[in-house]
There are 2 protein chains.
Amino acid sequence: MPLFGRRKKQTEVAEQPEPEAPRLPDPPAPSINGLRSMQDHRDYLLSLVEPLPPFGQNLIEAQGLSLCEDIVSHIDLPGFDNSAMDGYAVRCADVAEAAEDNPVDLPVVGEIAAGDGDLPPLAAGTVVKIMTGAPVPDGAEAVIPYEGTNRGSETVRIFAPGQPGLNIRRRGEDVTAGTLLLNEGDLVAPRNVGLMAGVGIDKVLARPRPRVVVISTGSELVQPGNPLTGGGQIYDSNSYLLAAAAKAAGAQVYRVGLVSDDPDEIKQTISDQLVRADLLVSSGGVSQGDYDLVKSVLPELGLTDFTEVAMQPGKPQGFGLIGEHPDDRVPMIMVPGNPVSAFVSFEAFVRPVIRKLMGVEPYVRPSERAFATKAIRSVKGKLQLARGIVTADAGGRRTVELVGGHGSHLMGDLARANALVLLGPETEVVPAGQPVAVWMLADG
Amino acid sequence: MPLFGRRKKQTEVAEQPEPEAPRLPDPPAPSINGLRSMQDHRDYLLSLVEPLPPFGQNLIEAQGLSLCEDIVSHIDLPGFDNSAMDGYAVRCADVAEAAEDNPVDLPVVGEIAAGDGDLPPLAAGTVVKIMTGAPVPDGAEAVIPYEGTNRGSETVRIFAPGQPGLNIRRRGEDVTAGTLLLNEGDLVAPRNVGLMAGVGIDKVLARPRPRVVVISTGSELVQPGNPLTGGGQIYDSNSYLLAAAAKAAGAQVYRVGLVSDDPDEIKQTISDQLVRADLLVSSGGVSQGDYDLVKSVLPELGLTDFTEVAMQPGKPQGFGLIGEHPDDRVPMIMVPGNPVSAFVSFEAFVRPVIRKLMGVEPYVRPSERAFATKAIRSVKGKLQLARGIVTADAGGRRTVELVGGHGSHLMGDLARANALVLLGPETEVVPAGQPVAVWMLADG
């Protein structure tokens, strides 16, 4: 039994090494004063999530989603030569001399409406009445619109000549069969929906809206709509802010009630939510404080990375792949609890991850340019993400002014802003009139 | 019985005049070559619809909707002086001389976490440990962050002085009670959601998304996904195009299957839909053709206005207030059946009406400016709405080039465009380098 012998030998030889504890791939090395750069951190997060698998969706449902297939037309558009006007289909020779002062009378041998098919060819010396969109019969070379006739029924008087092709839309002049209409990755805009329907497509392969679960942590938090009863309580604004921002970014959002600073409650809540989440977003509990429990508890639930990013606000950041089973882990982004920090972190990290899950490029908001109306001061050593009000003139030229202070708790100023102003780690001052990079914030 | 007598007399005196048939208010007079201008027609339609009544909506549901109330804060934000850092709350005099080479040791008499209340005042010569966001006790004047200490528990060694107010966020420095935060008519952006939640508001009065019912008419139409069986058949693209565009404009959309050119079927379908519609949109059947039945049938269902607008494409337009009861009539916009005409009519008339129903200003897309890369030719006498591709440089300066032909059936070109280029009735040519007005089309 040499076969068994060989097998046994192999088993003996292959000694099992101690299984290594699973962990996230190595994060990028610090590059700015011992801190990770915003771009490195974002690239790291993006490297750890994959676009959601697509499925066949109704065209209208797919509006705003990312196509996951190339769309090729299988038909010509128009599918047949058809009339661009209401009028009379003619042979050109029969009306070559027609004019206001030299009308031509011709017998009307039929009438073609949009949708009619199986048409007899047009005999010389005759015309047919034809409606817009109706197929042009063989033999007909032009359509004389009503305005060039007396609109006769049995005989029509024609006052104008027609060159070949006049008022005829040719088969395939819009789209020919085999044409690539849209590419994988294209966003499904209303105009694309119309085009796909026009070539007969009613379903497309598209990635769904990610299901994003939003959690606020902190024993000091009170649900809006309820009274503040204790001296140190504040309203939970972050779960509302992040949920609305995720919805505006295209996600389907579940806002979970706030969670207190209790390790078991945090673990239970997060575990309960895994089943319906493509992404978890929490705020609070990721800093150096003694009550920053998200940071201390999450490593028990999955693979995590807590770090400091060279940005202000938004320095403490956490990421995890949460869940027991390697194939079934849900990404989680943990942002700091100050409202402005939370919002800036959303723009810098959460929104790009949502867009990657949706398969919608560009993942990162395009960095646009605006000219400072006044000098803008910054703090060296970190990327500053200041709040700004951008104004564009009719030609599109943008100017920007900072709004309010730098404090990461100033929600009133954040609400008034319509842009984040990105001031690099080397920047101390941007003189008036010079350009800065801005992320324009969506309003809807 | 004088009472009866008087009543009888009044009845006799008040002679009933023949009741006038109800009709729409007088439409604007033609102003361009016997046709109505696009702006006049739009203003007329907007004058005949009113914003939908608002109701109380959950903050996150309200995202993207229009506020129907002024929002005033009833609380200060922050609601109390609180710490901006994790560290130790101190009296300034106790650490006035503290330095790296002159540390000060002080007893730690307690610890304050976020959410704690009812705090004893801080006695001179003592400190309390304090977390970010936790209330600062009476007597404490500054917070020395962990980095300036040895992080001691019973006694802490402090290496840095603190000026009054250092790392303390003052009550009301973000928002004071009584401040007007948002105005009626403001769009609810994610940042506003966060701000309102932060001051304890969980519901706002906002106008709902209009329910828009979309209908395509035409016996030649076939539902996408099914085979074309007859020679003159085409796929119904308009109901998909218009439904997706209405959805992108913020509406809740019901796409009704296509309706053939049968008067009874058209009447029945429209009557059936009134109950769930804030706006009906139909395409097709509004021109001069013998089978343009929408135009001939709709006057039986309500008050209508069929007209020709000095625009290309989109010349034939219909509007109605449909339904039997004056208080219960539903606006209906009837656009022409060529796909490009339908889309341009959507942008010119339907989208503004949807936005007025939502109460979201501006109703009309802002007219932006782009510079022609090549000379653009136009046809005098009508407003041309050509399809264009606009490119913006990093500073926002836009250039535009027309895409494809003028034919109102060219869906492929429409899908490639990202803007409509508005060329006025007086324009014959726009030289290269000169600006034109554009409407930028949304992609989502």
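**How two chains meet**

Me: How many residue pairs are in polar contact between chain A and chain B?
Reply: This is a predicted model, and the count between chain A and chain B is 14 residue pairs in polar contact, with both residues at pLDDT 80 or more.

Me: And how many salt bridges does the rule find across the interface of chain A and chain B?
Reply: Zero.

Me: Which elements of chain A should I look at on the side that touches chain B?
Reply: Try α3 (190-198), β14 (234-235), α4 (238-248), β21 (368-372) and α8 (411-416); each supplies at least two residues of that side of chain A. The largest share comes from α3(A), with eight residues. By kind, the residues on that side of chain A divide into 41 nonpolar, 24 polar and 24 charged.

Me: How do I read the size of an interface?
Reply: People often give it as the accessible area lost when the parts come together. Here chain A and chain B bury about 6700 Å² between them, with 59% of that on carbon and sulfur atoms. Of the area chain A buries against chain B, 11% is supplied by Ile60(A), Arg191(A) and His409(A), more than any other three residues.

Me: What relates two copies of a chain?
Reply: In general, a rotation about an axis and a shift along it. In this case, a turn of 180 degrees and a shift of 0.0 Å along the axis lay chain A on chain B with an RMSD of 0.1 Å. That's the relation of a two-fold axis. To find the axis from chain A, go to Gly396(A): its C-alpha is the nearest in that chain, 2.5 Å away.

Me: Through which surface do the copies meet?
Reply: The same one, because 100% of the interface residues of chain A are also interface residues in chain B.

How values were computed
Residues numbered from 1 in each chain as written. Chains lettered and ligands numbered in written order. Predicted model: local features only at pLDDT ≥ 70, side-chain atom pairs only at ≥ 80, totals over all residues. Heavy atoms only, no water. Least-squares fit on C-alpha atoms with pLDDT ≥ 70 in both. Contact = heavy atoms within 4.5 Å. Buried area = accessible area lost by both parts, 1.4 Å probe. Salt bridge = Lys/Arg side-chain N within 4 Å of Asp/Glu carboxyl O. Polar contact = N/O pair within 3.5 Å; in protein donor to acceptor, adjacent residues only side chain to side chain. Helix = DSSP H or I, 4+ residues; strand = E, 2+ residues; numbered from the N terminus. Nonpolar A, V, L, I, M, F, W, Y, C, P; charged D, E, K, R; others polar.
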